[in-house]
Amino acid sequence: MDFQYWQPEIEKMPRAQLEALQLQKLKEEIGFALRTSFYKERLSKAGINSADDIKTLDDLKRISFTAKNDLRDGFPYGFLSIPKEEVIRLHSSSGTTGIPTTIYFTKDDIKRWSNYMARCIYGTGCTKSDVFQNMITYGLFTGGLGFHQGGEEVGMLVIPAGPGNTTRQFKMMQDYGTTVLHATPSFLLHLETKMKEAGVKRESLSLKRAFAGAEPYSEDTRRRIEALLKVDVYNSYGLSEMNGPGVAFECQCKEGLHIWEDGYITEIINPDTLEPVKEGETGELVLTILCREATPLFRYRTRDLTSFYTEPCKCGRTHRRLHRITGRSDDMLIINGVNVFPSQIEEVIMSMKEVGNNYLIVVEKDGALDRLTVKTEVSAGIFMDDTRPLNALKEKIKETLQASISISPKVELHESGSLPVTEGKAVRVKDTRPKDV
Ligand code: AMP
Ligand code: ZN
């Protein structure tokens, strides 16, 4: 196979040199972090008052883990390391409650992020001759703009299509000769179903590759998409706290995702004991960013479960590979690529006095896509045969939830005391989607 590298000197850098580069960048990040109110305090508690207090990569372990809740507590500017006028963009993602986790970028931060994305895209064999239809959400979600910038950096023709409207997507693919797609794996499968329904012939399209990420999927799902759409599918992993996509990506070998270690220091821990797992064992991924000035983050608990490959990759890159993510160590749900915490739903429905005490969140497959149903009891004084106020309440719950979690759920109302009650710990979430990872 002919491999191509965006930055061969970094992608194939010998490990010792790579670690020296990590140490140098870690020291820089410490310098940035000492300018944030959150880390100034935390680092000084760990006896770190200047970048020179970091002598080896192991010194990172003196800093305690950073969790999503810390970002919430530091909201909105507790993690910002520079004056606000130097910030050119923010992105945010769901928090466990209504407060989002927000990340800020300088102009150089965006340039560095684009470069990592270009590295990922180019490493799959794409070139400036490709036409790239980016079918993922633009906006606060990092997937849209992250891939967009990376595609432009490579020099591809980027179509900022966004998700939805499959008829329009097919039309664009035909009109512009799209060769590369980016979407969630479930949207790619949905696309194939719609393609058949719309009578679009695969031969009328020029597709070669697809990037799929933002939600977990199995090797079987990858093969299915590859067989149905006749494209090479590459797994893309990232999270908004670490910029977004561009953290880890598959190369042409399609065997694990190279994590860019000049941009991220990676640990894998046992989520219960918080101790490192043995080489090759599965645990929670913990990341320290080395490529962002405006919002430094050390030892961030991603909650994503994975493990390292122990062998080097055939492509010659020295950056280690992660196995595809198999799940999470918290209760976050990913519904059609959108992150939702059950606590966000609870917060919305329990604030309404018409809603009773019991509720159930159901997530299931509806064709290739996910469907969310929220079942709630109504308060004791509300009668189920009076449909007008019930329909109004349903609409109110639906709209408020949509505003809070960016997903429009199906809402079902049930009589007070009629939803099943479990003995012991309440079961609030029923996720019947196949777990085939
Ligand atoms: P966000 O911060 O909104 O971009 O969401 C990031 C989360 O999406 C990650 O922490 C993972 O749980 C999930 N995610 C992103 N990419 C993948 C992927 N390729 N496989 C599995 N989960 C993913
Ligand atoms: Zn490789």
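Helix axes here count as roughly parallel under 35 degrees, roughly antiparallel over 145, roughly perpendicular from 65 to 115, and oblique for the rest. Keep that in mind for the two helix pairs below, and remember that this is a predicted model.

Let's start with H10 and H11. Helix H10 covers residues 342-350 and helix H11 covers residues 387-405; their axes come within 10 Å and cross at roughly 140°. That angle falls in none of the named ranges, so H10 and H11 are oblique to each other. The crossing of H10 past H11 is right-handed. On the H10 side, the contact is made by Gln344, Ile345, Val348 and Ile349, and on the H11 side by Ile397, Thr400, Leu401, Ser404 and Ile405. Sorted by class, that gives 6 nonpolar and 3 polar residues, with no charged ones.

Now for the other pair, H8 and H9. Helix H8 (residues 185-198) packs against helix H9 (residues 219-229) at an angle of about 30°, with the axes 10 Å apart. That makes H8 roughly parallel to H9. H8 goes past H9 in a left-handed crossing. From H8 come Pro185, Leu188, Leu189, Glu192 and Met195, which meet Thr221, Arg224, Ile225, Leu228 and Leu229 from H9. The class count for this contact is 7 nonpolar, 1 polar and 2 charged residues.

Just beyond H9 there's a backbone detail to look at. Lys230 sits in the loop between H9 and strand E7 (232-239). Its phi is near 55°, a positive value in a residue other than glycine.

Another backbone detail turns up at Pro76, in the loop between helix H4 (68-73) and strand E1 (89-93). The peptide bond leading from Phe75 into Pro76 is cis, and its omega is near 0°.

Then there's the ligand. Ligand 1 is surrounded by 18 residues, and the closest are Asn235, Ser236, Ser240, Asp304 and Asn339. Asn339 also turns up in the table of polar contacts, where its side chain pairs with an oxygen atom of the ligand. Ala214 uses a backbone N or O atom to approach a ligand nitrogen, and Glu215 likewise uses a backbone N or O atom with a ligand nitrogen.

| Residue | Protein atom | Ligand 1 atom | Distance |
|---|---|---|---|
| Ala214 | backbone N or O | nitrogen | 3.1 Å |
| Glu215 | backbone N or O | nitrogen | 3.3 Å |
| Asn339 | side-chain N or O | oxygen | 2.9 Å |

Terms used. Residues are numbered from 1 along each chain as its sequence is written. Chains are lettered from A and ligands numbered from 1 in the order in which they are written. This is a predicted model: local features need pLDDT of at least 70, side-chain atom pairs count only at pLDDT 80 or more; totals for chains, interfaces and linings use all residues. Side-chain values use heavy atoms; hydrogens and water are left out. Axes are lines fitted to C-alpha atoms, for helices over the stretch in contact, and angles run from 0 to 180 degrees between N-to-C directions. Helices (H or I, at least four residues) and strands (E, at least two) are DSSP runs, numbered from the N terminus. A crossing is left-handed if the near helix is turned anticlockwise from the far one by less than a right angle, and right-handed if clockwise. Contact means heavy atoms within 4.5 Å. Ala, Val, Leu, Ile, Met, Phe, Trp, Tyr, Cys and Pro count as nonpolar, Asp, Glu, Lys and Arg as charged, and the others, Gly among them, as polar. A residue is near a molecule or strand if one of its heavy atoms lies within 4 Å of it. A polar contact is a pair of N or O atoms within 3.5 Å; within protein, one must be able to donate a hydrogen and the other to accept it, and residues adjacent in sequence count only if both atoms are side-chain atoms.
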